[in-house]
Amino acid sequence: MPDETAPRAHDGATAAARRRPKSVVVFRSVLAGTMVLALGVVAAYRTTDGFTAFTYESARRLAATQSPRPLPADLALETEGGQRRALASWPEPLLVVDFVYTGCTTLCVSLGSLYAQLASALAPQIARHEVRLLTVSFDLDRDNAAALAAYRRRHAPFADGWDIARPADARELKRWLDAFGVVVVPDRFGGYVHNAAIAVVGPQRRLLALHDIDGVTAVVESVRASAAQYRGAAGVHSD
């Protein structure tokens with residue numbers, strides 16, 4: 001029979017584990033946690049533009065400000081008057097662009113009111129043909145010319161310098177949404193959920209900035225500064 005009083009190998013290992021300082025166990029746990037945290041930090045850094053953007057929307061706006069990029073000049077729209085126009089056809093050096101659907105009762109209502117305010121605040125720049133306001137509808141099924149005209153009447157029937165239009169077809173709509181980074185998702189109630197921002201498009205049709213829809217002052221200041229810069233580059237002086 002085996003001698004039950006003889007020491008066994010695993011008993012020695014157990015005893016050694018008992019004698020191991022608790023600080024070693026704690027250190028290993030902390031090290032493992034630190035490594036996991038470090039990996040998470042690296043992943044976050046890579047996916048958030050170096051920690052400066054934590055959502056798609058903030059990343060989109062940051063990219064527009066830091067690296068203005070050209071938009072496709074042949075992006076085309078059908079205006080409320082039935083005209084077909086390309087993005088490059090507007091003679092004004094600056095465009096202020098937003099995306100809506102006229103049946104919206106939340107964000108798009110705010111945007112319509114905002115554009116009425118912008119038309120008033122930027123009246124001197126509009127009169128000098130330095131800037132044009134442009135609203136683009138993404139609801140191709142319902143926003144025909146009559147619906148676009150009704151949207152104008154509700155918000156700013158006498159506003160100068162404001163065009164309301166829509167892409168001619170689904171392919172062209174996708175190009176517009178992709179170019180501006182707009183995401184549109186149908187909801188359960190016949191409407192849409194979408195990210196909303198005011199885009200400032202400059203000469204050579206570069207996307208210069210994206211602003212919050214509640215930031216009228218920021219949009220006005222951005223457009224005025226860009227218009228002044230354009231006048232200086234062109235050697236034009238305002239009265």
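Eight helices and ten strands make up the secondary structure of this chain, which you are viewing as a predicted model. Of its 239 residues, 40% count as buried. Among contacts with a separation of 6 or more, 67% link residues 24 or more positions apart. The chain exposes about 13,700 Å², and carbon and sulfur atoms supply 59% of that area.

**Two nonpolar cores**

In soluble globular proteins, nonpolar side chains tend to be buried together. Here the largest nonpolar core has 26 residues, and the members that touch the most others are Val97, Phe99, Trp176 and Phe180. At least two residues each come from strand S4 (94-100), strand S5 (131-137), helix H7 (170-180), strand S9 (198-201) and strand S10 (206-211). The largest share, five residues, belongs to H7.

Which residues does Val97 touch, leaving aside those up to four places away in sequence? Its partners are Tyr115, Leu134, Val136, Phe180, Ala197, Ile198, Ala199 and Val201. Phe180, one of these partners, is also among the core members with the most neighbours in the core.

There is a second, separate core too: it holds 24 residues, including Val96, Leu118, Ile126 and Ile164.

**Helix H6 and its start**

Now to helix H6, which covers residues 145-155. Its buried residues are Ala147, Leu148, Ala149, Ala150, Tyr151, Arg152 and His155. At the start of H6, Asn144 makes a polar contact: one of its side-chain oxygens comes to within 3.2 Å of the backbone nitrogen of Ala146.

**Two loop residues with positive phi**

Most residues other than glycine have a negative phi. Two residues in this model are worth a look in that light, and the table sets them side by side.

| Residue | Phi | Loop | Relative accessible area |
|---|---|---|---|
| His129 | near 60° | between helix H5 (123-127) and S5 | 53% |
| Arg205 | about 50° | between S9 and S10 | 8% |

Is His129 buried or exposed? With a relative accessible area of 53%, His129 is exposed, because the cut-off for that class is over 50%. Arg205 counts as buried, because its 8% relative accessibility falls under the 20% limit. The loop that carries Arg205 joins S9 and S10, and both of those strands supply at least two residues to the largest core. The loop with His129 leads from H5 to S5, and S5 is likewise one of the elements that supply at least two residues to that core.

Technical notes. Residues are numbered from 1 along each chain as its sequence is written. This is a predicted model: local features need pLDDT of at least 70, side-chain atom pairs count only at pLDDT 80 or more; totals for chains, interfaces and linings use all residues. Side-chain values use heavy atoms; hydrogens and water are left out. A nonpolar core is a set of buried Ala, Val, Leu, Ile, Met, Phe, Trp, Tyr and Cys residues joined through side-chain atoms within 4.5 Å. Buried means under 20% relative accessible area, exposed over 50%, partly exposed in between (1.4 Å probe, protein chains only). Helices (H or I, at least four residues) and strands (E, at least two) are DSSP runs, numbered from the N terminus. Contact means heavy atoms within 4.5 Å. Accessible areas come from the Shrake-Rupley method with a 1.4 Å probe; for residues, only the protein chains shown count as cover. A polar contact is a pair of N or O atoms within 3.5 Å; within protein, one must be able to donate a hydrogen and the other to accept it, and residues adjacent in sequence count only if both atoms are side-chain atoms.
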